[in-house]
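Biologist: I am new to this structure and would like a close look at a single part. Please take one strand and follow its contacts outward.

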Amino acid sequence: MMKYRLDRRAALGLLGATSASVLIPMPGSRVNAQTLDKVSYQTNWRAQAEHGGFYFAVANGLYKKYGIEADIRMGGPQQNPSQLLLGGRVDMIMSNSFEAINYVKENIPFLCIGSIFQKDPQVLISHPGVGHDTLADLKGKPILVGAAGRTSFWPFLKAKFGFTEDQARPYTFNMAPFLADKQISQQGFLSSEPFAIEQAGVKPVIHLLADAGFENYNTTFNISRKMVDEKKDLVQRFVTASLEGWAEYMKATPANDAANALIKKDNPDMGDDKIAHAIKIMNQYGIVKSGDALKLGIGAMTDERWARFYQTMTAAGVFPAGLDIKKAYSLEFVNKGVGV
């Protein structure tokens with residue numbers, strides 16, 4: 001979860017996307033580049049398969065089909081997407097439920113309008129054969145946890161499984177301590193660290209926090225309320241094109257080649273093996289297509305899940321009681337059956 005400071009005057013003065021009058025083209029027609037609305041979307045890390053649906057929509061002309069020139073901006077360790085959004089430098093960002101609820105807590109006019117990932121890919125990773133086979137087994141055992149994790153999923157684990165502060169160790173995104181000590185577990189991202197650990201010769205035990213009741217929405221569309229109110233049609237077109245891109249990308253067909261080429265262009269460290277593994281894992285664990293998305297479509301969100309997440313994390317001490325949780329999100333742009 002990102003930390004941020006906000007100049008309220010800057011936030012309230014956001015201009016939103018650059019827009020022109022646009023007609024959505026009929027199937028098979030061509031779009032003149034001068035008629036396209038511009039929309040920028042900031043991702044939360046370097047280009048990877050976990051962002052693949054957005055790249056698919058760019059590479060295969062889905063945004064242009066909906067009259068949009070999409071600017072998918074790659075994130076990285078030196079960027080803070082929340083600050084870029086709150087400062088009006090980008091139209092939408094890839095984020096999560098924590099950020100959206102903090103908008104309500106801080107009384108600032110931003111919200112979440114859809115979630116690509118139905119399951120947060122956050123995991124804890126353990127060694128095999130040492131009795132660390134469930135999350136409950138990790139109570140009292142040393143776990144490497146980063147600063148962001150200490151304020152997001154760690155309170156959930158403390159509340160549900162009785163984890164304590166004294167078992168948390170600093171995580172520096174270096175796997176060497178884990179590989180050197182079989183009694184240590186560490187945090188990770190489902191489709192990333194476990195793959196690297198297996199490449200290093202250890203078949204890890206993977207604990208997906210989402211399957212234990214951690215209902216954080218992840219890989220979301222977070223946006224200013226001003227843009228939602230003033231450019232509703234444009235927002236809907238961008239969301240729909242993105243969801244269609246994700247529906248196609250998750251099929252892992254040769255149509256992905258153009259999208260993967262863009263991913264590797266933005267991030268030369270991303271190889272074909274990593275991309276293929278990530279898509280396989282996302283499908284295997286139902287990261288994009290599971291739960292509500294199976295009947296409501298990719299990007300689905302519900303009032304019930306937002307309420308449960310807020311109640312769970314409030315009980316864990318993350319949020320104050322009494323927030324109007326419905327101000328954190330809108331269901332207007334999703335739940336339309338895309339990809340069902």
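Modeller: Start with a single pair: Ile125 has Gln186 of strand 8 opposite it. Ile125 belongs to strand 5, which covers residues 122-126. The model is predicted, so local features need pLDDT of at least 70 and side-chain atom pairs count only at pLDDT 80 or more, while totals for chains, interfaces and linings use all residues. Residues are numbered from 1 along each chain as its sequence is written, and side-chain values use heavy atoms, without hydrogens or water.

Strands here are DSSP runs of E with at least two residues, and helices are runs of H or I with at least four, numbered from the N terminus. Two strands pair if DSSP finds at least two bridges between them. Strand 5 and strand 8 run antiparallel and are joined by four bridges. Strand 5 also pairs with strand 9, again in the antiparallel sense and over four bridges. There, Ser126 stands opposite Val205 of strand 9.

Next, the surroundings of strand 5. Its five residues are all buried (under 20% relative accessible area with a 1.4 Å probe, protein chains only; over 50% is exposed, in between is partly exposed). Strand 5 is therefore largely enclosed by the rest of the structure. Gln122, Leu124 and Ser126 point one way from the strand, whereas Val123 and Ile125 point the other way; buried residues make up both groups.

Now the sheet as a whole. It is open and has five strands, in the order 7-6-8-5-9, with mixed pairing. Strand 7 (168-170) and strand 9 (205-208) are the edges, each paired on one side only. From one strand to the next the twist averages 40 degrees (axes are lines fitted to C-alpha atoms, and angles run from 0 to 180 degrees between N-to-C directions).

Strand 8 spans residues 185-189 and pairs with strand 6 (residues 143-145) in the parallel sense, over two bridges. In that pairing, Ser185 of strand 8 is the bridge partner of Ile143. The contrast is with strand 5, to which strand 8 runs antiparallel.

Strand 8 leads on to the largest pocket, where it supplies at least two residues of the lining. A pocket is an open set of points on a 1 Å grid where a 1.4 Å probe fits, with protein on both sides within 12 Å along at least five of seven lines; lining residues have an atom within 4 Å of a point. The lining has 50 residues, and Phe189 is among those nearest the pocket's centre. Helix 9 (193-199) is another contributor, and its four residues are the largest share of the lining.
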